[in-house]
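Here are some short exercises on metal sites, each with a worked solution. Take a look at the structure, then try each task before reading on.

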Amino acid sequence: RAKADGKGAYHFFEAALDEAASRRRQLELDMRETLRTGGFELHFQPLFSLAQQRIKGFEALMRWNHPVRGPVSPAEFIPLAEETGMIVPLGEWALMEACHQAASWPQAVSVAVNISPRQFASPALGQAVVRALAASGLPPARLELEITESIFIGNVERTVAMLHSLRALGVRVALDDFGTGYSSLSYLRSFPFDKLKIDQSFVRDLGRDASAQAIVRAIATLAGALGMETLAEGVEIQTHADVLRAEGCDMIQGYLISRPVPADAVPGLLGEVTALRA
Ligand code: C2E
Ligand code: MG
Ligand code: MG
Ligand code: MG
């Protein structure tokens, strides 16, 4: 009896694993097809300066509305694209599309594009950036690349050299999800990032957890001393914006200002800027 149950459970898990694997395989095929037929989209979320009370840029966030499954979260398809290598062509598309969109905006604000670790490791990245800038006519200073701490795992020297060669193109470099990953401070000495993006896990706990506020304060102080800007991610409520401003954070991003919006809503948001208060 017990033996039969054990076997049943085994088959149950095996079937569940098969199902997950086949969903992933199907998603991968669908991703290829969507890239080929132009079905990916970028949405844009404002990056808001607390001191100037205005939008200084937008982060480009990929969206995939699957014809059958409906919207698939980037939290699902980006890691899959990363594993399969699809992130390289997908990321090149995002760079190109983001630069073209930004070049058409009514104000000369910046656009931030996420670069995944595998894309960063690809020797094609530099050329992809050059091509996107040239084809769109976007001034390099208006493009910001967001990378995460995980790019420092492995060959630090190569990573730093790559960062410097990207910087030499005139683009800005931001460190995304700061405080979550690998979290060694040594790489802040090895490369002067333009911006540190404080991960939303710290922001979420502001006001509830004194240590979150102490960490935010420490990051703002450190960044200031190193000449880097700070931006807090995931700011949903006014109280958090108030605390962040008091702790010396330069910028915020989050639902308090705006959710990510389709490209055609960007000019409207830029126009509304004087109505925004944070
Ligand atoms: P990320 O780069 O850290 O982007 C911020 C995420 O926080 C976005 O999730 C955004 O929609 C979400 N967010 C913004 N404000 C708030 C808020 O107030 N509250 C909450 N709860 N969330 C907020 P999204 O769009 O689902 O993207 C998730 C992740 O997928 C991104 O995290 C990024 O790592 C990755 N991703 C998205 N687009 C791209 C892309 O084009 N290329 C690459 N390589 N990765 C991308
Ligand atoms: Mg990002
Ligand atoms: Mg982030
Ligand atoms: Mg994040």
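**Exercise 1.** Which residues are the protein donors of the magnesium ion (ligand 2)?

*Solution.* Step 1: note the conventions. This is a predicted model, in which local features need pLDDT of at least 70, side-chain atom pairs count only at pLDDT 80 or more, and totals for chains, interfaces and linings use all residues. Residues are numbered from 1 along each chain as its sequence is written, chains are lettered from A and ligands numbered from 1 in the order in which they are written, and side-chain values use heavy atoms, with hydrogens and water left out.

Step 2: apply the donor cut-off. Donors are N, O and S atoms within 2.8 Å of the metal (3.2 Å for Na, K and Ca); water is not among the atoms, so sites may look incomplete.

Step 3: list the donors. Glu59 (OE), Asn114 (OD1), Glu146 (OE) and Asp176 (OD) lie 2.0 to 2.2 Å from the ion. Their sequence spacing reads E-x54-N-x31-E-x29-D.

**Exercise 2.** Find what coordinates the magnesium ion (ligand 3).

*Solution.* Step 1: at 1.9 to 2.7 Å come Asp176 (OD), Asp177 (OD), and Glu233 (OE) listed twice. The spacing here is D-D-x55-E.

Step 2: look for a shared residue. Asp176 coordinates both magnesium ions, ligand 3 and ligand 2, which are 3.7 Å apart.

**Exercise 3.** Is Asp177 buried, partly exposed or exposed?

*Solution.* Step 1: buried means under 20% relative accessible area, exposed over 50%, partly exposed in between (1.4 Å probe, protein chains only).

Step 2: Asp177 has 27%, so Asp177 is partly exposed. Glu233, by contrast, is buried at 8%, and Asp176 is buried at 5%.
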